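Here is a friendly walk through one chain, from its sheet to its helices and then to a few single residues. Have the structure open beside you as you read.

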Amino acid sequence: MYSEKVMDHFTNPRNVGEIENADGVGTVGNAKCGDIMRIYLDIDEDTKVIKDCKFKTFGCGAAVATSSMATELVMGKTIYEAMEVTNKAVMEALDGLPPVKVHCSLLAEEAIHAALWDYAQSHNIEIPGLKEPKADIHDGEEEQE
């Protein structure tokens, strides 16, 4: 059901915790399943490189694993490179997720984007392709269905 990498990141999550005075903090949730993710970013002011990234997640094992992997994928990247970390990249790095858990990888991508949005807003910069985050990843779906 779950890959070895998913199980490893669930049982031994990387980068758990908070960053005091973080440069960017993003919180997203999924009301349908109850998962909530918060990502903290510490960004070098001159190079715009993510020096540290931590997370706090309330949710299932897949939510914890995707949060953990997402922090690993953005660390050391510029804020612009971090925009390229998609839910697909998170899933691939974890050697896949069961179809019913794909939303967890989307939550991880959205949490990164929410933290980048917070950073961009507080530093008055624009990050190409970055949109204002939704509080719930399902917001607006009713209108589309």
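Let us begin where a helix meets the sheet: α5 lies across β1 and β2, and its direction makes about 145 degrees with that of β1. Please keep in mind that this is a predicted model.

**The sheet**

What is the order of the strands in the open sheet? The 3 strands are arranged as β1-β2-β3, with antiparallel pairing. At the edges sit β1 (24-30) and β3 (50-58), each of which pairs on one side only. From one strand to the next, the twist averages 15 degrees.

Now for the pairings themselves. Strand β2 (residues 35-43) is joined to β1 by 7 bridges, and these two strands run antiparallel. If you would like an anchor point on that side, N30 has D35 of β2 as its bridge partner. On the other side, 8 bridges connect β2 with β3, again in an antiparallel arrangement. There, M37 has T57 of β3 as its bridge partner.

A second helix also packs on this sheet: α2 touches β2 and β3, and its direction makes about 175 degrees with that of β3.

**Two helices in contact**

The two helices that pack on the sheet also meet each other. The axes of α2 (residues 61-74) and α5 (residues 102-123) come within 8 Å and cross at roughly 40 degrees. That angle is why α2 counts as oblique to α5. The crossing of α2 past α5 is right-handed.

Which residues make the contact? From α2 come A62, A63, T66, S67, A70 and V74, while α5 supplies C104, S105, A108 and I112. Sorted by class, this contact of α2 with α5 has 7 nonpolar and 3 polar residues, and no charged ones.

**A buried residue in α2**

M69 is another residue of helix α2. Is M69 buried or exposed? Its relative accessibility is 8%, so M69 counts as buried. Setting aside neighbours within four places in sequence, M69 is in contact with H9, V90, A93 and L94. As for F58, it is 11 residues away from M69 along the chain, and the C-alpha atoms of the two are separated by 15 Å.

**Residues with positive phi**

Three residues with a positive phi angle deserve a look, and the table puts their values side by side.

| Residue | Phi | Relative accessibility |
|---|---|---|
| N21 | about 55 degrees | 74% |
| K48 | about 65 degrees | 18% |
| N124 | about 50 degrees | 72% |

Where does each one sit? N21 is in the loop between α1 (4-11) and β1, and N124 is in the loop between α5 and α6 (141-144). Neither N21 nor N124 is a glycine. With 74% relative accessibility, N21 counts as exposed, and N124, at 72%, counts as exposed too.

K48 belongs to the loop between β2 and β3. Those two strands form a hairpin with 6 residues between them, and K48 is in the turn. Why does K48 count as buried? The cut-off for buried is under 20% relative accessible area, and K48 comes in at 18%, so it falls in that class. Beyond residues up to four places away in sequence, K48 touches I43, K77, T78, I79 and Y119. One of these, Y119, lies within the residue range of α5 (102-123), which brings us back to the helix where this tour began.

Technical notes
Residues numbered from 1 in each chain as written. Predicted model: local features only at pLDDT ≥ 70, side-chain atom pairs only at ≥ 80, totals over all residues. Heavy atoms only, no water. Axes fitted to C-alpha atoms, helices over the stretch in contact; angles between N-to-C directions. Helix = DSSP H or I, 4+ residues; strand = E, 2+ residues; numbered from the N terminus. Parallel < 35°, antiparallel > 145°, perpendicular 65-115°, else oblique. Left-handed = near helix turned anticlockwise from the far one by under 90°. Contact = heavy atoms within 4.5 Å. Nonpolar A, V, L, I, M, F, W, Y, C, P; charged D, E, K, R; others polar. Pairing = 2+ DSSP bridges. Buried < 20%, exposed > 50% of the residue type's maximum accessible area, 1.4 Å probe, protein only.
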